[in-house]
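Trainee: I would like to take a close look at one part of this protein and then see how that part sits within the rest. Could you walk me through it carefully once the model is in front of us?

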Amino acid sequence: FISCQLQDIYGAKGGNVTFYASKFQPFTEITWKKGKDKVIEWVEHSEPEAFQSFKDRAYLDTVSGNLTITKLTESDEGEYEIESPSVKDISVFYLRHLFHHHQHLAF
């Protein structure tokens, strides 16, 4: 039985956000994806590798599986998913920006 959970996560431009994957352990490999693109990938006995615009901004806790992204930009908005042999349920996170609804207001 595979369940799919979609969780909304809110972040602010320039801020940090953490996606929690705490109930799955222990990990031997982890891949976090945004859509079809890899954000960060890790295999046991190696260092996590971040890709593309996430280099120097994505940090993976290889014990908990949690992913932290720093210095958020508007283009970070979207769907994030963890892939790992340790993960039975599909956890999908949707990163939304708090400022979207307010940025076009004129006073």
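Is Ser-64 buried or exposed?

Mentor: This is a predicted model, and what follows should be read in that light. Ser-64 is buried, because its relative accessible area is 13%, and buried stands for values under 20%. The residue lies in the loop between strand S6, which covers 58–60, and strand S7, which covers 67–69. Its side chain has a polar atom that lies 3.2 Å from the backbone nitrogen of Asn-66.

A second serine can be set beside it. Ser-86 is found in the loop between S8 and S9, and with a relative accessible area of 18% it is buried. Its side chain reaches the backbone oxygen of Pro-26, at a distance of 2.8 Å. The strands on either side of this loop, S8 and S9, form a hairpin with six residues between them, and they pair in the antiparallel sense over four bridges. Within that pairing, Tyr-80 has Phe-93 in S9 as its bridge partner.

From these two loops we can step back to the whole chain. The protein has nine strands and zero helices, so that reading along the sequence gives the pattern β-β-β-β-β-β-β-β-β. Of its 107 residues, 37% count as buried, and the accessible surface comes to about 6,700 Å², with 52% of that surface belonging to carbon and sulfur atoms. If one takes the contacts between residues at least 6 apart in sequence, 58% of them join residues at least 24 apart.

Other hairpins can be followed along the chain in the same manner. Strand S3 (residues 29–34) and strand S4 (residues 37–43) run antiparallel and are joined by six bridges, with Thr-31 standing opposite Glu-41 in S4. There are two residues between the strands of this hairpin, and Gly-35 takes a positive phi near 65° there. S4 also runs antiparallel to S5, to which two bridges join it, and here Ile-40 stands opposite Ala-50 in S5. The hairpin of S4 and S5 has five residues between the strands, and His-45 in its turn has a positive phi of about 70°.

Glu-41 leads us on to the charged side chains, since besides standing opposite Thr-31 it meets the side chain of Lys-38 in a salt bridge, at 2.8 Å from N to O. Glu-41 counts as partly exposed at 24% relative accessibility, and Lys-38 is likewise partly exposed, with a relative accessible area of 34%.

The structure holds five salt bridges, and two others among them deserve a description here. Asp-8 forms a salt bridge with Arg-96, in which the closest N and O atoms are 3.0 Å apart. This pair links distant parts of the chain, as Asp-8 belongs to strand S1 and Arg-96 to strand S9 (residues 90–97), 88 residues apart. Asp-8 is partly exposed, with a relative accessible area of 40%, and Arg-96 also counts as partly exposed, at 30% relative accessibility.

Lys-13 forms a salt bridge with Glu-74, and the closest N and O atoms of this pair are 3.9 Å apart. Because Lys-13 lies in the loop between S1 and strand S2 (17–19), while Glu-74 lies in the loop between S7 and strand S8 (78–83), the pair ties together parts that are 61 residues apart in sequence. Lys-13 is exposed, with a relative accessible area of 55%, whereas Glu-74 counts as partly exposed at 37% relative accessibility.

Finally, a word on confidence. The protein averages a pLDDT of 85, and 83% of the residues score at least 70. Among the elements, strand S5 (residues 49–50) has the highest mean pLDDT, 98, and strand S1 (residues 4–11) the lowest, 82. Over residues 100–107 pLDDT stays under 50, and for that stretch the model has three contacts beyond four places in sequence.

To return to the part you asked about, Ser-64 is a buried residue in the loop between S6 and S7, with a polar atom of its side chain placed 3.2 Å from the backbone nitrogen of Asn-66.

Key
Residues are numbered from 1 along each chain as its sequence is written. This is a predicted model: local features need pLDDT of at least 70, side-chain atom pairs count only at pLDDT 80 or more; totals for chains, interfaces and linings use all residues. Side-chain values use heavy atoms; hydrogens and water are left out. Buried means under 20% relative accessible area, exposed over 50%, partly exposed in between (1.4 Å probe, protein chains only). Contact means heavy atoms within 4.5 Å. Accessible areas come from the Shrake-Rupley method with a 1.4 Å probe; for residues, only the protein chains shown count as cover. pLDDT is the predictor's confidence in each residue, from 0 to 100. A polar contact is a pair of N or O atoms within 3.5 Å; within protein, one must be able to donate a hydrogen and the other to accept it, and residues adjacent in sequence count only if both atoms are side-chain atoms. A salt bridge is a side-chain nitrogen of Lys or Arg within 4 Å of a carboxyl oxygen of Asp or Glu. Two strands pair if DSSP finds at least two bridges between them.
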